[in-house]
Amino acid sequence: MTVFEPLSPQKACPLASGHRFDGERRWAASIDLGFTRRDEPAGPVTRLTRARHQGPLRVQRPFYPEPRDAGGEAGSCHVYLLHPPGGLVSGDALSIGVQVGQGARALVTTPAANKLYRADSHGVAWTQHTSLSVAAGGELEWLPQETIAFDGSRGVQSTEIALEKEARCLGWEVLALGRPAGELPFVSGHLEQRFALTRDGRPLWHERQLLDPTHTRFSGRWGQGGASVQATLWAVGLDDEPAAVDVLREVVPSSPRWAVTVRQGVLLLRYLGDERNEAWAICQAAWAQLRPLLLGREACVPRIWMT
Amino acid sequence: MTTIMTMCTEPQVMATGTASQGDDLALLGLMQLVSPALPIGAFAWSQGLESAFELDWVNDEASLHAWLAGVLDDGLSRCELPVLARQQAAFMAHDGEAVAYWDAWLAASRETRELAEEDRRLGAALKRLLANLELLPDASALPGLLPEQLGYVTLFAWLAQARAVPTRQTLLGFAWAWLENQLAVACKALPLGHTAAQRIIERLRPELVVAVDHALSRDDHELGPLLPGLALASAQHETQYSRLFRS
């Protein structure tokens, strides 16, 4: 594990309420990553030029598993984002920022599922906020492993994506409710998931989901339809969007549990079902098809997914 | 309340008529706007309902009632209805920036290609109709008030405001038109009997009022449709083999 920048004394000072267990408990952790395209003797390459963190969020040293392209430019800079506690409990406040500079290429993933634990006796919520921004000509793949929300967890997960002209971005969120195999289903708790995507400040897509197992929409067909696993994949910056949709419909086995559409320049693939593995396989297959169309390069599966 | 825009479509009454004549004209204007006879082609769109039939999610009177009640509460009362109220207020205040903001907000909340198209195409059709009737605002008098390409909801709010329809009634009228259109879809495609359709109306009539109450009480940050199943169905509809409707 590498700490790229020493913490300033101000930032190292833990928030006073970190060890409280009442309704005021707050435990903040944040990381702010910056990627910059550099001209180097061997050819252009994207470097991780900023990695400020506070609390238990880290990145490993970036690596370059992809070959240089025909123009001699290095492949995407791959980064694993680590959250050693492995999950969120009441009062946790995670904030993740990723900024991709002009022409830079970055791929960010996580080494394991993110777990959302049952809220404490005070019902205190956690929050996880992710802010992704990509400058003109930049490329970002945001491919975290799934989030597992245990019964009784309460919190808000929001993802903001701010793109400049010509920026390309593909990402997903896979959310599983309750423990796998239905041993401990999600029968209480309250989750809110939000997405907001803008291009040059103009809103192109926003979405909000409230996951409350006691509400009729949780089982209603217009809503969650009783699904315990959901996934949302977005891709922006495709040159030929209808062709990309056609390819996905041809290659990914059709089922009533997933569908793809394009509106306002944003391709959206959604899954509603009960199998984490199925959702993950659909997202990964879609990514493998979309990457060459979006970035002109074959998908390079992060090794960490296979461990 | 008399505004410049009100005067531009109802000049005689506003100039010489009584208040009750104005109310009557407003009511008739709303009935004209929500009538299935309004030639904008609303009957061609099902908002994902045809796909819900195909998926066998909706297959009888009871499941249709549940679907419509759900979409009313998790869709309309959090999305179209509160935006209608905001747009009508924006038109009243001559706030072109707010009109453009909420029009773009609504477009960004459309979950699928067909749902986005529906709002855009109905908007374009209504705009053409209003232009033919010389009911559109004068661009030189009100520069920038109407965005170039705007959605159905925004134009609906414009006309309601121009006809001095009270906000609550605008929302009730919009929700009523939605319900009638959905039931027409069901009568054609499910098929649902006409008496059964009226039974559903009887059950949902009070819920339309509740939906309007909710819509008028929500803050901006509480807005946004909560319809993941409808979004999935609507995207599935793009590849549905046999279909009568465009959404």
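These legends describe close-up views of a predicted two-chain model, chain A and chain B.

Local features need pLDDT of at least 70 and side-chain atom pairs count only at pLDDT 80 or more, while totals for chains, interfaces and linings use all residues. Residues are numbered from 1 along each chain as its sequence is written, chains are lettered from A in the order in which they are written, and side-chain values use heavy atoms, without hydrogens and water.

**View 1. Chain B is built from twelve helices and zero strands.** Helices (H or I, at least four residues) and strands (E, at least two) are DSSP runs, numbered from the N terminus. Chain B has 247 residues, and 57% of them count as buried. Buried means under 20% relative accessible area, exposed means over 50%, and partly exposed lies in between (1.4 Å probe, protein chains only). The accessible surface of chain B comes to about 10,700 Å². Carbon and sulfur atoms hold 54% of that surface. Accessible areas come from the Shrake-Rupley method with a 1.4 Å probe; for residues, only the protein chains shown count as cover. Among contacts in chain B between residues at least 6 apart in sequence, 82% join residues at least 24 apart. Contact means heavy atoms within 4.5 Å.

**View 2. Chain B meets chain A.** Here 35 residues of chain B are in contact with 28 residues of chain A. The size of an interface is often given as the accessible area lost when the parts come together. For chain B and chain A, the buried area is about 2,500 Å², with 56% from carbon and sulfur atoms. Buried area is the accessible area (1.4 Å probe) that two parts lose on being put together, summed over both. Two salt bridges cross the interface. A salt bridge is a side-chain nitrogen of Lys or Arg within 4 Å of a carboxyl oxygen of Asp or Glu. B:Asp74 forms a salt bridge with A:Arg217, and their closest N and O atoms are 2.9 Å apart. There are also 19 residue pairs in polar contact between the chains (both at pLDDT 80 or more). A polar contact is a pair of N or O atoms within 3.5 Å; within protein, one must be able to donate a hydrogen and the other to accept it, and residues adjacent in sequence count only if both atoms are side-chain atoms. On the side of chain B that touches chain A, two or more residues each come from helix 5 (61-74), helix 7 (96-109), helix 8 (113-132) and helix 12 (228-237). Helix 12 gives the largest share, seven residues.

**View 3. B:His65 sits in helix 5 of chain B.** B:His65 is buried, because its relative accessible area is 11%. The side chain of B:His65 makes a polar contact with the side chain of B:Arg203 (3.4 Å). Not counting residues up to four places away in sequence, B:His65 touches B:Ile200, B:Arg203, B:Leu204 and B:Glu207.

**View 4. B:Phe156 lies in helix 9 (residues 152-162) of chain B.** B:Phe156 has a relative accessible area of 0%, so this residue is buried. Beyond four places in sequence, B:Phe156 touches residues including B:Leu33, B:Leu84, B:Leu126 and B:Phe174.

**View 5. A salt bridge joins B:Arg205 and B:Glu202.** The closest N and O atoms are 3.6 Å apart. B:Arg205 and B:Glu202 are separated by about one helical turn, because they are three residues apart in helix 11 (residues 194-217) of chain B. B:Arg205 is partly exposed, at 47% relative accessible area. B:Glu202 is also partly exposed, at 46%.

**View 6. Two salt bridges of chain A have buried partners.** The side chains of A:Arg208 and A:Glu192 meet at 3.3 Å, N to O. This pair links strand 15 (residues 202-211), with A:Arg208, to strand 14 (residues 190-199), with A:Glu192. The side chains of A:Arg270 and A:Glu207 meet at 2.9 Å, N to O. A:Arg270 is in strand 18 (residues 266-273), A:Glu207 is in strand 15, and they are 63 residues apart.

**View 7. A:Ser153 occupies a loop of chain A.** The loop runs between strand 11 (147-149) and strand 12 (154-163). A:Ser153 counts as buried, at 0% relative accessibility. Leaving aside neighbours within four places in sequence, its contacts include A:Tyr117, A:Trp126, A:Phe186 and A:His190.
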